[in-house]
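Work through these short exercises with the model open beside you. Try each task before you read its solution.

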Amino acid sequence: MDKKDICSYTYSELQEEMKSFGEKSFRAGQIYEWLHVKLAEDFDEMTNLAKDFRKRLKEEYEIRRLTLRERQISRKDPTEKYLFELWDGNLVESVLMRYSYGNSVCISSQAGCRMGCRFCASAIGGLIRNLSASEMLGQIYRIQKLIGERISNIVVMGTGEPLDNYDNFLKFIHMISDEHGLHISQRNITASTCGIVPNMRRLAREGLQITLALSLHGSTQEKRRKLMPVANKYELSEVLDACGYYFQETGRRVTFEYSLVQGVNDSKEDAKELIRMLGGKNCHLNLIPVNQIKEREFRKPCRKNILEFKNKLEHHKINVTIRRERGSDIDGACGQLRRRHTASKKEN
């Protein structure tokens, strides 16, 4: 780990690094293209660089390649799930979802998570560490190479809380949308947060055009507290104000994610509270029938109740959809695949 992680340098940082390395700045453009456009995983692939220069690069820098440990392909829908091992042995999950409008990848921003949401497998075991910008990029790069197709949409909604890893997450956004790299439009990037209010407001001032998705999951402060420990720190009114501020500063409407849990937050009164909360707001509500995991007792409502809940909201002009279940036959819930492998390692 004495070598520098060359994939975590932005384009301008790499220019400065090459100058201090005794090279002209145009070398940075060549290297950056190999790493972030051609997705090279070894310096020897950089054939337009002299051998001596490549040797020097190997001595000072490394390309921290993610190792594919498992790939699951759904038989029900065009979804694939990947388990990647990082340089230090930690595991992260990523999901590929194919749609008519392009390929979407859901990536992780942390190894583990400290948010502790009661219904989520990712929170079991807590946070191990943050991912670097290169480790977030690496998930996208590896999947794009594996399938031989371009990734056009990104969702930072896998394991971890991106706003709890703010600086690395922000760097990742700038690099993935950089014209010198894959240049994925920021409007095609969505980041999900549990509601870390100071960083939501900070993000609103960054001048980005990404979509912010709030994990709401409770119609009242009390219900959020029962499901999401982060609600013990931030009041629902504070979180909603931060959402309004994000829309005000960016012009990007906020998506509210609401995991429907049978007998917990799916009642008629819950629907009424959501109508009071979101009525008249320029937003979108995404209903997510909760993914059932063996470590938790939560269950999703029946299809009839889900549709009735949706219809009540729509009747009051709430823009609402039900998220399509994807990858239910391949450890589809976030954290399940990583959790299974981690448990298996401990048993052995």
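The exercises below concern a predicted model.

**Exercise 1. Helix H10**

Task: Check the length of helix H10 (residues 303-315), then find which of its residues are buried and which face they line.

Solution:
- Step 1. Helix H10 has 13 residues, and at 1.5 Å a residue these should span 18 Å. The end C-alpha atoms are 18 Å apart, so the expectation agrees with the model.
- Step 2. Apply the burial cut-off: under 20% relative accessible area. In H10, Ile306, Phe309, Lys310 and Leu313 are buried.
- Step 3. Look down the axis of H10. The buried residues fall within an arc of 95 degrees, so they line one face of the helix.
- Step 4. Turn to the face of H10 directed away from the buried side. Lys304 and His315 are exposed there.
- Step 5. Find the partners of the buried residues of H10. They pack against strand S12 (254-260), helix H9 (268-278), strand S13 (283-289) and strand S14 (320-322).
- Step 6. Step past the end of the helix. Lys317 follows H10 and has a positive phi, near 65 degrees.

**Exercise 2. Helix H6 and Leu208**

Task: Find the buried side of H6 and what packs against it. Then locate Leu208 and list what it touches.

Solution:
- Step 1. List the buried residues of H6: Val197, Asn199, Met200, Leu203 and Ala204. They cover an arc of only 165 degrees around the axis, so they sit on the same side of H6.
- Step 2. Name the packing partners. The buried residues of H6 pack against helix H5 (166-176), strand S10 (189-193), S11 and helix H8 (236-250).
- Step 3. Move on to the loop between helix H6 (197-204) and strand S11 (211-215), where Leu208 is placed.
- Step 4. Classify Leu208. Its relative accessibility is 2%, so Leu208 counts as buried.
- Step 5. Set aside residues up to four places away in sequence. Leu208 then touches Leu170, Ile173, His174, Gln186, Leu203 and Thr250.
- Step 6. Take one of these contacts, Gln186. Leu208 and Gln186 are 22 residues apart along the chain, yet their C-alpha atoms are separated by 7.1 Å.

**Exercise 3. Two positive phi values**

Task: Where do Leu39 and His183 lie, and is each buried or partly exposed?

Solution:
- Step 1. Recall the background. Most residues other than glycine have a negative phi.
- Step 2. Take Leu39. Its phi is positive, about 60 degrees, although Leu39 is not a glycine. Leu39 is placed in the loop between helix H2 (26-36) and helix H3 (51-60). With a relative accessible area of 5%, Leu39 is buried.
- Step 3. Take His183. Phi is near 55 degrees, again positive in a residue other than glycine. His183 lies in the loop between H5 and S10. With a relative accessible area of 46%, His183 is partly exposed.

**Exercise 4. The cavity**

Task: How many cavities of 30 Å³ or more are there, and what lines the largest cavity?

Solution:
- Step 1. Recall the idea. Rolling a probe the size of a water molecule over the atoms shows where empty space is left.
- Step 2. Count. There is one cavity of 30 Å³ or more. The largest cavity has a volume of about 170 Å³.
- Step 3. Inspect the lining. Of its 15 residues, Cys7, Ile63, Arg64, Gly138 and Tyr141 are the closest to the centre.
- Step 4. Look for the main contributor. Helix H4 (residues 133-147) gives the most to the lining, with five residues.
- Step 5. Sort the lining by type: seven residues are nonpolar, two polar and six charged.

Key:
Residues are numbered from 1 along each chain as its sequence is written. This is a predicted model: local features need pLDDT of at least 70, side-chain atom pairs count only at pLDDT 80 or more; totals for chains, interfaces and linings use all residues. Side-chain values use heavy atoms; hydrogens and water are left out. Helices (H or I, at least four residues) and strands (E, at least two) are DSSP runs, numbered from the N terminus. The expected span of a helix is 1.5 Å times one less than its number of residues. Buried means under 20% relative accessible area, exposed over 50%, partly exposed in between (1.4 Å probe, protein chains only). The arc is that of the directions from the helix axis to the C-beta atoms. Contact means heavy atoms within 4.5 Å. On a 1 Å grid over the protein atoms alone, a cavity is a set of points where a 1.4 Å probe fits but cannot get out, and a pocket is an open set with protein on both sides within 12 Å along at least five of seven lines; lining residues have an atom within 4 Å of a point. Grid points are joined across faces, edges and corners, and a volume is the space filled by probe spheres set on the points. Ala, Val, Leu, Ile, Met, Phe, Trp, Tyr, Cys and Pro count as nonpolar, Asp, Glu, Lys and Arg as charged, and the others, Gly among them, as polar.
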